[in-house]
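Here are some worked exercises to help you find your way around a new structure. Try each task yourself, then follow the solution step by step.

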Amino acid sequence: MKLSVILVNHNSRNELRLALTSLRKATHQISNEIIVVDNASTDTSVEMLNTEFPEVGLILNDKEEGLSAANNQALLQAKGEYVLLLNPKTIVGAEFGEKLNRFM
């Protein structure tokens, strides 16, 4: 596995959907995994992830752990040679994957 992408979510369903959609398109040529840590969201983020992004690894927290702790949870599970920490409000462009692949 070349790349692990980690996102920490808390009630950001719509933004997370856009971020994951852009990542799916931009990184399809790179061996990757995406891990989302859900920090006790009360919106329908988890349902959306399970329905629309079943390939995404999901860590569920019963309480909001904070950004650093949540990232650390995912880092312990990440299998990628490289790790990218993203905010769920990040939308990557189509050229992102190609540029990232060249860098790696």
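**Exercise 1.** Find where Ala40 is placed, and say what sign its phi has.

*Solution.* Start with the place: Ala40 is in the loop between strand E2 (32-39) and H2. Helices (H or I, at least four residues) and strands (E, at least two) are DSSP runs, numbered from the N terminus. Next, look at the backbone: phi of Ala40 is near 60°, a positive value in a residue other than glycine. As background, most residues other than glycine have a negative phi.

Before going on, note that this is a predicted model, in which local features need pLDDT of at least 70 and side-chain atom pairs count only at pLDDT 80 or more, while totals for chains, interfaces and linings use all residues. Residues are numbered from 1 along each chain as its sequence is written, and side-chain values use heavy atoms, with hydrogens and water left out.

**Exercise 2.** Locate Asn11 and decide whether it is buried, partly exposed or exposed.

*Solution.* Asn11 sits in the loop between strand E1 (3-9) and H1. Its phi is positive too, about 55°, although Asn11 is not a glycine. For the last step you need the cut-offs: buried means under 20% relative accessible area, exposed over 50%, and partly exposed in between (1.4 Å probe, protein chains only). With a relative accessible area of 31%, Asn11 is partly exposed.

**Exercise 3.** Work out the strand order of the sheet, and name its edge strands.

*Solution.* The sheet is open and has four strands in the order E3-E2-E1-E4, with parallel pairing. Two strands pair if DSSP finds at least two bridges between them. The edge strands are E3 (57-61) and E4 (82-86), each of which pairs on one side only. From one strand to the next, the twist averages 20°.

Now go through two of the pairings. E1 and E2 run parallel and are joined by seven bridges; here Ile6 has Ile35 in E2 as its bridge partner. E2 and E3 also run parallel, with five bridges joining them, and Asp38 stands opposite Leu60 in E3.

**Exercise 4.** How many residues of E1 are buried, and which residues lie on each side?

*Solution.* Seven of the seven residues of E1 are buried, so this strand is largely enclosed by the rest of the structure. On one side are Leu3, Val5, Leu7 and Asn9, and on the other Ser4, Ile6 and Val8. A general point helps here: in a regular strand the side chains alternate between the two faces of the sheet.

Then see which helices lie across the sheet. H1 lies across E1, E2 and E4, running at about 170° to E1. H3 lies across E1, E2, E3 and E4, at about 145° to E2.

**Exercise 5.** Describe how H1 and H2 pack, beginning with the angle and the distance between their axes.

*Solution.* Helix H1 (residues 13-26) and H2 pack at an angle of about 25°, and their axes are 9 Å apart. Axes are lines fitted to C-alpha atoms, for helices over the stretch in contact, and angles run from 0 to 180 degrees between N-to-C directions. H1 and H2 are therefore roughly parallel to each other (angles under 35 degrees count as roughly parallel). The contact, meaning heavy atoms within 4.5 Å, is made by Arg13, Leu16, Arg17, Leu20 and Arg24 of H1 and Ser45, Met48, Leu49 and Glu52 of H2.

**Exercise 6.** Compare three helix residues, Ser45, Asn71 and Gln73: what does each one touch?

*Solution.*
- Ser45 is in helix H2 (residues 45-52) and is buried, with a relative accessible area of 0%. Leaving aside neighbours within four places in sequence, Ser45 is in contact with Asn9, Asn11, Ser12, Arg13 and Asp38.
- Asn71 lies in helix H3 (residues 67-77) and counts as buried at 10% relative accessibility. Not counting residues up to four places away in sequence, Asn71 touches Ile6, Val8 and Leu85.
- Gln73 is found in helix H3 and counts as partly exposed at 28% relative accessibility. Outside its neighbours within four places in sequence, Gln73 is in contact with Val37, Ile59, Asn61 and Glu65. Gln73 and Val37 are 36 residues apart along the chain, and their C-alpha atoms are separated by 7.9 Å.

Notes:
Angles under 35 degrees count as roughly parallel, over 145 as roughly antiparallel, 65 to 115 as roughly perpendicular and the rest as oblique.
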